[in-house]
Amino acid sequence: MAGLGRTIEQTVTTGLREGIDLFNEGQYWEAHEAWERDWMPDRKGPDSGFYKGLIQVAAGCLHYTRRNRRGAVNKWRSGADHLRPYLPTHMGVHLKPSVDSVDGYLKEIGGPTWPNLVMPRIHQE
């Protein structure tokens, strides 16, 4: 869904692409920073939840790499919830696989031992 009659090429920003590349390299903090640059000028706009969801999923991944169970759970849960209205695809970004991964992580991380999870990758059209 490109939204508002825009084509995918018109909606994909440099910050969005940069953030996806950084996220896929495991640079979650840097991805958050790239996405925040796009999100901050229009925090109440139609793409607000999309950016907030990406940022929070990245924060959850960062918390996971630091073995912070509570931080990972909280950020993954809120991030996935922000992304759900934009499923399956928004601005050329395939969100469903990432949200499905996060839902799986939330089930696995609740156990008594630390799970060995493979962090998601974000795919674009």
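Two bridges join strand β1 to strand β2, residues 93–94, and the two run antiparallel. This is a predicted model. Across that pairing, His-90 stands opposite Val-93 in β2. The sheet is open and has 3 strands, in the order β1-β2-β3, with antiparallel pairing. Its edge strands are β1 (89–90) and β3 (123–124), each of which pairs on one side only.

Now turn to the helices. Helix α2 covers residues 14–24. Its buried residues are Gly-15, Leu-16, Gly-19, Ile-20, Leu-22, Phe-23 and Asn-24. An α-helix has 3.6 residues a turn, so residues three or four places apart point the same way. The buried residues of α2 pack against two helices that follow, α3 (28–39) and α4 (48–65), and also against strands β2 and β3. After α2 comes Gly-26, with a positive phi near 85°.

Next, the interior. In soluble globular proteins, nonpolar side chains tend to be buried together. Here the largest nonpolar core has 34 residues. The members that touch the most other members are Leu-16, Phe-23, Trp-35, Phe-50, Leu-54, Trp-76 and Met-119. Helices α2, α3, α4, α5 (69–83) and α6 (96–108) each give two or more residues to this core. The largest share, 9 residues, comes from α4.

Phe-50 shows how one of these core members is placed. Leaving aside neighbours within four places in sequence, Phe-50 is in contact with Leu-16, Leu-83, Tyr-86, His-90, Met-91, Val-93 and Leu-95. Two of those partners have appeared already: His-90 and Val-93, which stand opposite each other.

Gln-56 also belongs to helix α4. Is Gln-56 buried or exposed? It is buried, because its relative accessible area is 12%, and buried means under 20%. Its contacts, again leaving aside neighbours within four places in sequence, are Lys-75, Trp-76, Ser-78, Gly-79 and His-82. Of these, Trp-76 is also among the core members that touch the most others.

Last comes the empty space. A search of the whole structure finds 1 cavity of 30 Å³ or more. About 30 Å³ of space lies in it. Which residues line the largest cavity? They are Phe-23, Trp-35, Leu-54, Val-57, Leu-83, Ser-98 and Ile-122. This lining divides into 6 nonpolar residues, 1 polar and no charged. Phe-23, Trp-35 and Leu-54 link the cavity to the core: they line the cavity and are among the core members with the most contacts to other members.

Conventions. Residues numbered from 1 in each chain as written. Predicted model: local features only at pLDDT ≥ 70, side-chain atom pairs only at ≥ 80, totals over all residues. Heavy atoms only, no water. Pairing = 2+ DSSP bridges. Helix = DSSP H or I, 4+ residues; strand = E, 2+ residues; numbered from the N terminus. 1 Å grid on protein atoms, 1.4 Å probe; cavity = no way out; pocket = protein on both sides within 12 Å on 5 of 7 lines; lining within 4 Å. Points joined across faces, edges and corners; volume = space filled by probe spheres on them. Nonpolar A, V, L, I, M, F, W, Y, C, P; charged D, E, K, R; others polar. Buried < 20%, exposed > 50% of the residue type's maximum accessible area, 1.4 Å probe, protein only. Contact = heavy atoms within 4.5 Å. Core = buried A, V, L, I, M, F, W, Y, C linked by side-chain atoms within 4.5 Å.
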